[in-house]
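The following exercises are to be worked through with the sequence and the three-dimensional structure at hand. Each task is followed by a solution in steps.

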Amino acid sequence: MAIPVRLGVAAAGTIVAAVLPLVVKSPFALDVLIRILLFAFIGTAWNLLGGYAKQFSLGHAAFFGLGAYTSTLLQIDLNVSPWIGMLAGGVVAAIASLPIGWLCFRLRGPYFTIATIATAQVLMLVFLKLRDFAWGAEGTTIPNLGNAPLMMQFEGKAAYYYVTLGLLVVALGITAWIERSRIGYYLVALGEEQDAAEAIGINVPQVKRRIFMISAFLTAMAGTFYVQYIYFIDPQTVFNFSVSIEAALVSIVGGVGLLFGPLVGAVLLETTSALLQSQLGSIAGVQLTVYSLILMAVILWRPTGILGYVGELVARRRAKRPER
Amino acid sequence: MVEIVAQAVINGLLIGGIYALVSIGVTLIFGVVKIVNFAQGEFVMLGMYLSYFLATRLGVDPIVSLVVTMPVLFVAGVLIQHFLIRRVLGQNDLPQIFLTFALSLLIVNVSLMAFTANYRTVHTAYSDEALHFAGLYVPVAKLIAFAVAMALSGVLWAFLQATDLGKAMRAASQNREVAQLMGINPNRVFAVALGIALALAGAAGSLLMPFYSAYPMVGQVFVLMAFVAVVLGTLGNVVGALIASLLMGVAESLGIQFIGADSGLIVVFMLLLATLALRPRGLAAGVQR
């Protein structure tokens with residue numbers, strides 16, 4: 001898409017998204033919208049590493065959990081606002097990404113993926129053991145202060161909706177900027193062919209390290225938001241493998257390495273999930289069964305994702321049009 | 001003290017035999033077809049449920065039910081190769097990683113709906129039996145499982161060494177293009193590799209059933225163990241995977257005994273991360289393509 005077209009789409013989308021809560025009042029619908037925006041945000045963070053650099057992580061729950069725990073510990077132990085905690089969580093996650101990356105980037109392809117799964121699981125097991133420092137397996141509820149915007153607590157869901165919308169806009173802005181910067185071209189190059197990228201003088205380890213830090217930082221912010229939204233934290237929730245899975249899935253289904261890919265994927269997957277839940281109730285296994293079928297279908301028939309396929313259709317139509 | 005260590009080593013070796021069946025499958029698929037099968041643990045789980053239902057409905061001994069689980073899973077492997085994996089070969093990493101990952105998610109969650117999350121066990125006449133010598137304790141069910149696992153590994157090794165098809169598989173894993181020039185049909189070889197790998201996973205499931213519970217997520221433990229063993233034992237190397245699996249079983253057992261982890265999983269993950277930290281070169285040489 002040409003830049004002005006994309007900017008137009010983005011502006012129109014933001015305006016529609018901004019007025020949506022004025023029309024949509026039902027808490028259920030707002031909850032679905034919040035989940036769409038939240039997972040679009042996490043997917044956008046994942047996409048920086050997985051989509052552009054083609055390093056397929058299934059361990060982003062590690063950063064989600066670190067962000068959630070950092071802000072919650074700061075809030076409960078030191079009464080620090082989660083707004084600050086959110087940034088602190090991002091910093092903690094970005095720092096944690098250095099040793100994690102040091103280990104995992106030693107491996108390529110599927111073995112990188114396996115190593116990321118292992119690191120997230122180790123962190124979960126560690127937090128399950130941390131009884132004195134972080135409530136162990138039982139977790140804790142986050143004190144409800146009523147309407148306290150400075151503590152990231154609001155009455156009604158609309159305000160939460162705007163927080164996730166803001167986060168998503170920031171992440172999309174960062175992605176759009178990276179896409180057109182030098183590091184963006186480096187990322188695409190190393191995603192295509194790592195050895196060739198190295199051969200033309202790109203400092204591959206450094207580029208990977210930096211993009212992993214940014215991706216981890218953003219994912220951690222989502223973790224803070226999520227526990228503020230549900231007023232509860234425990235290791236099984238915030239380090240859950242399904243967080244890592246959804247981060248990857250929304251991007252792959254929507255289109256990896258495309259700015260709006262994760263958003264498209266999140267709209268499809270979260271809407272599907274909400275419909276399933278409202279029609280069938282919460283039967284264990286239904287949601288992930290459907291997700292896995294969608295994932296399989298995308299991989300077999302539309303490996304560039306929904307948005308990638310739309311792009312191909314547009315390109316084909318353009319090609320048919322006679323030259324001006 | 002010596003006895004505690006010896007007992008932990010015995011326990012580890014016995015369960016390591018089961019890990020070996022899973023690891024050999026993973027390494028065989030990686031060596032021949034060049035993909036990592038994220039769903040390998042799920043086929044262990046399916047083997048367990050198949051044995052469970054054969055035992056509870058028809059009264060078939062779980063170990064005897066090998067003769068059913070192995071052929072059923074062999075056919076499943078051939079079909080999965082033909083209808084799914086064949087379509088993503090030669091593409092980039094993304095479809096190759098996420099196709100088998102999606103398959104794993106699908107099998108786990110369909111099983112969750114079909115079988116519920118309840119733990120299923122089969123009680124056999126020998127489930128509580130044990131041999132005692134020199135103060136050590138060897139459960140009969142685990143001993144049988146270990147012996148059968150070793151026998152199956154031996155048969156596979158002989159098959160790869162001595163038969164034409166086995167040689168074709170080794171040739172295809174060493175150099176696909178040249179193997180093709182020699183008249184080896186890669187699709188047939190790949191299908192047999194998948195079939196054998198899944199049959200071994202099914203066998204592991206049957207062998208586990210007399211002393212282990214079946215539940216939809218049970219495969220995770222085995223597949224992660226297998227991934228670590230396969231990395232340790234050099235990717236694609238059957239004998240390496242076997243030895244590494246036995247070592248991993250022992251390491252896990254010692255870890256549970258002395259670190260006191262509630263689940264062996266943390267030990268496995270630590271082993272994986274320690275391997276990555278301490279032996280990156282050896283690993284990288286095997287992993288980089």
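**Exercise 1: A loop residue of chain B**

B:Lys34 is situated in the loop that joins helix H1 (2-33) to helix H2 (40-58) of chain B. The model is a predicted one.

Task. Determine what the phi of B:Lys34 is near, and whether B:Lys34 counts as buried, partly exposed or exposed.

Solution. Step 1: the backbone. B:Lys34 has a phi near 65 degrees, which is a positive value in a residue other than glycine. Step 2: the surroundings. B:Lys34 has 18 C-beta neighbours inside 10 Å. Step 3: the classification. A residue is buried with 20 or more such neighbours and exposed with 12 or fewer; B:Lys34 therefore counts as partly exposed.

**Exercise 2: A loop residue of chain A**

Task. Locate A:Tyr231 and decide whether it is buried or exposed.

Solution. Step 1: A:Tyr231 is found in chain A, in the loop between helix H10 (204-230) and strand E2 (232-233). Step 2: its phi is positive, about 60 degrees, although A:Tyr231 is not a glycine. Step 3: 12 other C-beta atoms lie within 10 Å, so A:Tyr231 is exposed.

**Exercise 3: The fold and core of chain B**

Task. Describe the architecture of chain B, and explain how its radius of gyration stands against that of a compact globule.

Solution. Step 1: the elements. Chain B contains 12 helices and 2 strands, arranged along the sequence as α-α-α-α-β-β-α-α-α-α-α-α-α-α. Step 2: the dimensions. Along the principal axes, the C-alpha atoms of chain B fill a box of roughly 60 × 50 × 35 Å. A compact globule of 289 residues would have a radius of gyration near 19 Å, and the 19 Å of chain B therefore agrees. Step 3: the interior. In chain B, 51% of the 289 residues count as buried. Of the contacts with a separation of 6 or more, 76% are between residues 24 or more positions apart. Step 4: the core. The largest nonpolar core comprises 205 residues, and those with the most contacts inside it are B:Leu21, B:Ala193, B:Ala204 and B:Val228. Helix H8 (residues 186-208) of chain B gives the largest share of this core, 16 residues. Step 5: one core residue. Residues up to four places away in sequence being left out, B:Val228 touches B:Met248, B:Val268, B:Leu271, B:Leu272 and B:Thr275.

**Exercise 4: The contact between the chains**

Task. State how many residues each chain gives to the contact, and which helix supplies the largest share of the side of chain A.

Solution. Step 1: chain A gives 33 residues and chain B gives 32 residues. Step 2: in chain A, helix H5 (109-129) and helix H14 (286-301) each supply at least two residues of the side that touches chain B. Step 3: H5(A) supplies the largest share of that side, 11 residues. Step 4: the side of chain A that touches chain B divides into 23 nonpolar, 7 polar and 3 charged residues.

**Exercise 5: A residue of helix H5**

Task. Establish whether A:Leu123 is buried or exposed, and which residues it touches.

Solution. Step 1: A:Leu123 lies in helix H5 of chain A. Step 2: A:Leu123 has 23 C-beta neighbours inside 10 Å and therefore counts as buried. Step 3: apart from residues up to four places away in sequence, A:Leu123 touches A:Ala62, A:Gly65 and A:Phe239.

Definitions and conventions:
Residues numbered from 1 in each chain as written. Chains lettered and ligands numbered in written order. Predicted model: local features only at pLDDT ≥ 70, side-chain atom pairs only at ≥ 80, totals over all residues. Contact = placed C-beta atoms within 7 Å. Helix = DSSP H or I, 4+ residues; strand = E, 2+ residues; numbered from the N terminus. Nonpolar A, V, L, I, M, F, W, Y, C, P; charged D, E, K, R; others polar. Rg over C-alpha atoms; globule rule 2.2 N^0.38 Å. Core = buried A, V, L, I, M, F, W, Y, C linked by C-beta atoms within 7 Å.
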